[in-house]
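Work through the exercises below with the structure open. Try each task before you read its solution.

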Amino acid sequence: MECRFPRFTERYVSIVFLLSYVLNPAFSVTHYAVPEEMKEGSVVANVAADLGLDVNSLAERNVRLDVVANKKYLEINRETGDLYIAEKIDREYLCLSKSSCFLKIDVIIDNPLRIFNIDLEILDINDNAPRFRRERTELDVSESASPGERFSLNNAVDTDVGSNTVRTYQLSESEHFTIEVQTGRDGSKFVDLILKKDLDREERALHNLTLTAVDGGVPARSGTASIIVRVLDVNDNAPRFEQDAYTVNITENSPIGSFVIKLHAVDLDEGTNSQIKYSFSLYTSEKTQKMFDLNSENGEIRIKEMINYEEFIIYEMDIEAKDQGHKPLSGQCKLTIFVVDVNDNHPELSIKSFQTPIKEDVAVNTVIAVVSVSDKDSGENGIVDLNISKLLPFELKKSSENYYELVISEPLDREKVPEYEIIFIVTDRGIPPLSDNETITLELLDINDNAPLFSKSFYTIPVLENNAPGSLLSSLSAFDPDLHENQYLVYFIIEKEIVNTSMSMLFSINPENGDLYALKTFDYEREKEFLFHIEARDSGVPPLSSNVTVHIIIMDQNDNTPVIVSPWRSHGSVVEEVIPRSIDKGHLVAKVIAIDGDSVHNSRISYQFLQVTDATLFSLDQYNGEIRTMRMFSYRDARHQRMVVMAKDNGDPALSSTVTIKISTVEQAIKPYSDTMEVPLEYDIFSDLNLYLVIGLGSVSFLLLITILVTIVLKCQKPKPIKAAPPCRSSVISQRNSTIGDSTLISSDAYWYSLFLAETRKGKVVVRQPIPKAGYIISSIPRSTGLTETSDSAASTLQYSK
């Protein structure tokens, strides 16, 4: 119970009150806690109320305080029953170097006589600043010292305890030195000076540093010490102890002057440089130096004051051996002294029977050990109690005088706890009580009570297609907490047929470690996933097993090149397209279509020009592959345009295919109308014609070529220059009665037949009806989609445009 007393304005007083009744209320103990340095007259608590006494009868019953083994710091107000401070309490004076401080107080009342025990805990406040034993420390450091070398520093002492004692150290700014704070077994803080940068005596021979010790109080207090580092040229060899650390056991109450240990250091130098002086280093506490004497000449350590086990169990000291050279070197070792407790008679414990190992499924209440206890003392000191840890699944049952049985109180599970360390503690009832202990180890034998367990109930394993046969896909290991053969696992695939193919033909698993392998190369375009089960079975009797579902997902790779299906062409050939030169802007010239067998992401096709004759004339839609004109043709544009289109997928790395398209442009000409209908012409006439048509067309072309050559010869004989005729693939001869243009040939009353290719892909030829007798014009028919033929007299026109 915590109580606050608002009547104090100086500071807050925390009081803890606890009553514990064991067998008789007369042995109750009241606990209070107050901070040190409380003002005189400050009320600690109302004892009468806490002890259940009548305030009015306190004076009559002569209530009084009896302080055990301490000065009387408190008094009782007999009128109010208040326990108050009679004299200021200094915790450091009462309990120096102790972590906890208590005052033992007895409250005595008469009529009838009763004694109440009070434990007053004195709480520490941060009323003392850290103090260095030496305000000035001088160090000689060799200029050849290596970075990282340590030097002992004077540690600070703070008589406060807990968080109010020394918490850390701080060093003034230095480019050559830093410090490292260490903590001893008793929680005290020590500090090393560490060289972090090479020294140069010629550059700087003296380093003035300030070491600050800061405690953990609020507000924090601090103390400082000056460190003078002299940079010297030292000897080659420093003294070295035979061991870096020594351990010695001594018994408490050993006589003063008793020999503890002789330390010996060796210096390989000669003369004064090899003469060694021994001393306590600054790491060694004042308490330790007060308890032991060190011979500086021979290194012997002897007891200087009485050793008390209850005060200190372990003494730690750092011994320094320093040579006497002009530039002295030193070596250090650590000595740990363990104080052995001495007592008259300890309780004795004997294990009479112990059964180990036992099976983990042993029944509850089974006896596993019989223990006897005894004590050579008599009376209360000879009565012993035997106990074990309450956290163990065992209990002690007394079978007879001084005999106990250890029985199982709860079911055992080897997988949770494979063995138990059972510590028997026997304690007598003396003051102070003495005790002894014995430890036994109970080992549990395994039974096959645990099935193998996979870390997951469902495994999803992605596998890239085109994997190498025999490649490792995953490791599907299970865990069985049992031991030996109950733990040895065998893995196998539970057979499952898919399209007349079993899983064992596709996958393999290592029966010993569960590594799963692929037996074939997978193709995403054929198979995309597999679902099967893997079983893990132990080797116990009977065997236990468990299985897990495995989902293999085949991941696509970009392994299929886009295939261009339109415009169609045979392998390695060039696609040829014919368009009129008079088409408008935005006219669809061609459409490239490609397909890709990969997954959606990898099969996204984009189109782009790799080569194009005139980049300003055509545009390509990168998504649908349409090639359109960006403007109309001009007279400067070439008649033949060549472009290379690339179809590229979206894979990484991307794959692509190309197609070469040759665009030919033709002019549109005017022809006289005839009695026949217009028939569309295409000029790729050699794709599917039969042999007869090929021979006929070849003969006509040969005659036309001879006619053109004769015409050119006649024109060249005239004085007037002849205009050059546009290039053409074939000609149609026409005649009229009078002489006309420079590019015509006159012929009378001739019937001419015009052949036109109606459908190039079907290889069909349409023959016109004979043209009436009249004058005709010979005009060139370019290999294009436009054709015009004109008659002067009939004014009949035949015109075709694609």
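## Exercise 1: A buried aspartate

The side chain of D323 reaches the backbone nitrogen of L329 at 2.8 Å. The model is a predicted one.

Task: place D323 in its strand, then decide what surrounds this residue and whether it is paired or unpaired in a salt bridge.

Solution.
- Step 1. Locate the residue. D323 belongs to strand β26, which covers residues 314-323.
- Step 2. Check burial and charge. D323 is buried and has no salt bridge.
- Step 3. Look for the nearest side chain of opposite charge. That is K322, 8.1 Å away. A salt bridge needs the nitrogen and the carboxyl oxygen within 4 Å, so K322 does not qualify.
- Step 4. List the neighbours, leaving out residues up to four places away in sequence. D323 touches N235, N237, P239, D267, D269, T272, N273, Q275, I276, P328 and L329.
- Step 5. Return to the polar partner. L329, whose backbone nitrogen the D323 side chain reaches, is also among the residues touched.

## Exercise 2: The chain as a whole

Task: describe the protein chain by its secondary structure, burial, contacts and surface.

Solution.
- Step 1. Count the elements. The protein chain has five helices and 61 strands.
- Step 2. Assess burial. Of the 802 residues, 40% are buried.
- Step 3. Examine contact range. Take contacts between residues at least 6 apart in sequence; 65% of these join residues at least 24 apart.
- Step 4. Examine the surface. The accessible surface is about 44,700 Å², and carbon and sulfur atoms account for 51% of that area.

## Exercise 3: Unusual backbone geometry

Most residues other than glycine have a negative phi, and most peptide bonds are trans.

Task: inspect the peptide bonds before P112 and P219, and the phi angles of E37 and N466.

Solution.
- Step 1. Take P112. The bond from N111 to P112 is cis, with omega near -5°. P112 sits in the loop between β8 (102-109) and β9 (114-123).
- Step 2. Take P219. The bond from V218 to P219 is cis, with omega near -5°. P219 sits in the loop between β17 (206-215) and β18 (222-232).
- Step 3. Take E37. Its phi is positive, about 65°, although E37 is not a glycine. The loop between β3 (29-35) and β4 (43-46) holds E37. With a relative accessible area of 24%, E37 is partly exposed.
- Step 4. Take N466. Its phi is also positive, near 65°. The loop between β37 (458-464) and β38 (472-475) holds N466. N466 is partly exposed, at 39% relative accessibility.

## Exercise 4: Salt bridges

Task: find how many salt bridges the whole structure has, then trace the pairs of D110, K104 and D637.

Solution.
- Step 1. Search the whole structure. The total is 24 salt bridges.
- Step 2. Trace D110. D110 pairs with R64, with the closest N and O atoms 3.2 Å apart. D110 is in the loop between β8 and β9, R64 is in strand β5 (residues 64-68), and 46 residues separate them. R64 is partly exposed, at 29% relative accessibility.
- Step 3. Trace K104. K104 pairs with D119 at 3.3 Å between the closest N and O atoms. K104 lies in strand β8 and D119 in strand β9, so the bridge ties together parts 15 residues apart in sequence. K104 is partly exposed at 39%, whereas D119 is buried at 11%.
- Step 4. Trace D637. D637 pairs with R631, the closest N and O atoms being 3.0 Å apart. D637 is buried at 9%; R631 is partly exposed at 25%.
- Step 5. Look for a network. Salt bridges link R136, E138, D140 and R230.

How values were computed
Residues are numbered from 1 along each chain as its sequence is written. This is a predicted model: local features need pLDDT of at least 70, side-chain atom pairs count only at pLDDT 80 or more; totals for chains, interfaces and linings use all residues. Side-chain values use heavy atoms; hydrogens and water are left out. Helices (H or I, at least four residues) and strands (E, at least two) are DSSP runs, numbered from the N terminus. Buried means under 20% relative accessible area, exposed over 50%, partly exposed in between (1.4 Å probe, protein chains only). Lys and Arg count as positive and Asp and Glu as negative; His and the chain ends are not counted. A polar contact is a pair of N or O atoms within 3.5 Å; within protein, one must be able to donate a hydrogen and the other to accept it, and residues adjacent in sequence count only if both atoms are side-chain atoms. Contact means heavy atoms within 4.5 Å. Accessible areas come from the Shrake-Rupley method with a 1.4 Å probe; for residues, only the protein chains shown count as cover.
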